[in-house]
Amino acid sequence: MGLELYLDLLSQPSRAVYIFAKKNGIPFELRNVELLKGQHLSKEFFPVNSLQRVPTLKDGDFVLSESVAILIYLSFKYQTADHWYPSDLQARVRIHEYLGWHADRIRGTFGVSLWTQVLAPLIGAQVPEEKVKRNRTNIDKALQHLEDKFLGHKAFLTSQQVTLADLMALEELMQVVAVGYPLFEGRPRLAAWRERVEAFLGTDLCQEAHGPIFHIVEQAANKTLPQPSPDFYPNMLLRISMIP
């Protein structure tokens, strides 16, 4: 069996892995794991990844979770272009500097809008308005740091070329854009960065990867989203309760 990628394109890290593999012509078998149906918690998926998370990579007997680890593994194994994950030490640690900040300030912040507007209502729950407002404030603060500390006046976040940092950042920001938040309004530098990253990746690939998340609000309004299994409700309610 060749390379298998267990993904759900509603997941930001899953999209980053999917886009990277597609853009670099890496052959893989796509194994869809539908998070809304709780398939990541199923007994069938548990032997693949006992952490019950996507993305997950399976390469023969080798199994790897966590998107950054997967992206680095793919970049080495398939010898992708150096700009993604540079061999130069200082250029490489700039990527890790961003990814460390990303995990702390972006990852847990930019996914909240989907929970407040789509996922919580899907199971009859509601996120308190003060938490929604606090999240918007945290998004705006993070965007300012993203522009000032990391992007600055460069073409991309850590250098003049696209890296893993740009891909991870783009997918988190798209999660907020998908639910209608005007994230790039009044931020011309960040808007131009998005255009450069998407131009590099290619319109067709971006549309393919972003299609599921960009249609989720419409699906929710039309009541065509899969209804989560009641067995998955406790996990969803726990996640909602953890929104700061």
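## A buried aspartate

Let's start with one residue: Asp59 has a relative accessible area of 14%, so Asp59 counts as buried, since the cut-off for buried is under 20%. Keep in mind that this is a predicted model. Asp59 sits in strand β3, which covers residues 56–59. Which residues does Asp59 contact, leaving aside its neighbours within four places in sequence? They are Leu3, Tyr73 and Lys77.

## The whole chain

Now step back and look at the chain. How many helices and strands does the chain have? There are 10 helices and 4 strands. Reading from the N terminus, the elements run β-α-β-β-β-α-α-α-α-α-α-α-α-α.

The C-alpha trace spans about 50 × 50 × 30 Å along its principal axes. A compact globule of 244 residues would have a radius of gyration near 18 Å, and the chain has 18 Å, so the two agree. Buried residues make up 50% of the 244 residues. Among contacts with a separation of 6 or more, 71% join residues 24 or more positions apart. The accessible surface comes to about 11,900 Å², and 52% of that belongs to carbon and sulfur atoms.

## The nonpolar cores

In soluble globular proteins, nonpolar side chains tend to be buried together. Here, the largest nonpolar core holds 55 residues. Which of them touch the most other members? Tyr98, Phe110, Leu173, Leu183, Leu190 and Trp193 do. At least two residues of this core come from each of β1 (3–7), α1 (12–23), α2 (67–77), α3 (89–110), α5 (129–151), α6 (164–177), α7 (188–201) and α8 (203–214). The largest share, 9 residues, is supplied by α6. Another core, of 22 residues, lies apart from this one, and its members include Leu114, Ala120, Val132 and Ile243.

## Two residues to find: Tyr98 and Ile106

Try finding Tyr98 in the structure. Leaving aside its neighbours within four places in sequence, Tyr98 is in contact with Ile106, Leu146, Phe150, Leu157, Thr158, Ala165 and Ala169.

Ile106, one of those partners of Tyr98, is found in helix α3. Is Ile106 buried or exposed? Its relative accessible area is 0%, so Ile106 is buried. Not counting residues up to four places away in sequence, Ile106 touches Tyr98, Trp101, Ala142 and Glu172. Ile106 and Leu146 are 40 residues apart in sequence, while their C-alpha atoms are 9.3 Å apart in space.

## Helix α7 and its two sides

Helix α7 has 14 residues, which at 1.5 Å a residue should span 20 Å; its end C-alpha atoms are 20 Å apart, so the model agrees with the expected value. Which residues of α7 are buried? Leu190, Trp193, Arg194, Val197, Glu198 and Leu201 are. These buried residues cover an arc of only 125 degrees around the axis, which means they are on the same side of α7. On the other side, Pro188, Glu195 and Ala199 are exposed.

What do the buried residues of α7 pack against? Their partners are α1, α5, α6 and α8. After α7 comes Gly202, with a positive phi near 105 degrees.

## A histidine in a loop

Finally, visit His215, in the loop between α8 and α9 (216–221). Because its relative accessible area is 42%, His215 counts as partly exposed. His215 and Gln52 are 163 residues apart in sequence, and their C-alpha atoms are 25 Å apart in space.

Key. Residues numbered from 1 in each chain as written. Predicted model: local features only at pLDDT ≥ 70, side-chain atom pairs only at ≥ 80, totals over all residues. Heavy atoms only, no water. Core = buried A, V, L, I, M, F, W, Y, C linked by side-chain atoms within 4.5 Å. Buried < 20%, exposed > 50% of the residue type's maximum accessible area, 1.4 Å probe, protein only. Contact = heavy atoms within 4.5 Å. Expected span 1.5 Å × (residues − 1). Arc of directions from axis to C-beta. Rg over C-alpha atoms; globule rule 2.2 N^0.38 Å. Areas by Shrake-Rupley, 256 points an atom, 1.4 Å probe, with all protein chains shown as cover.
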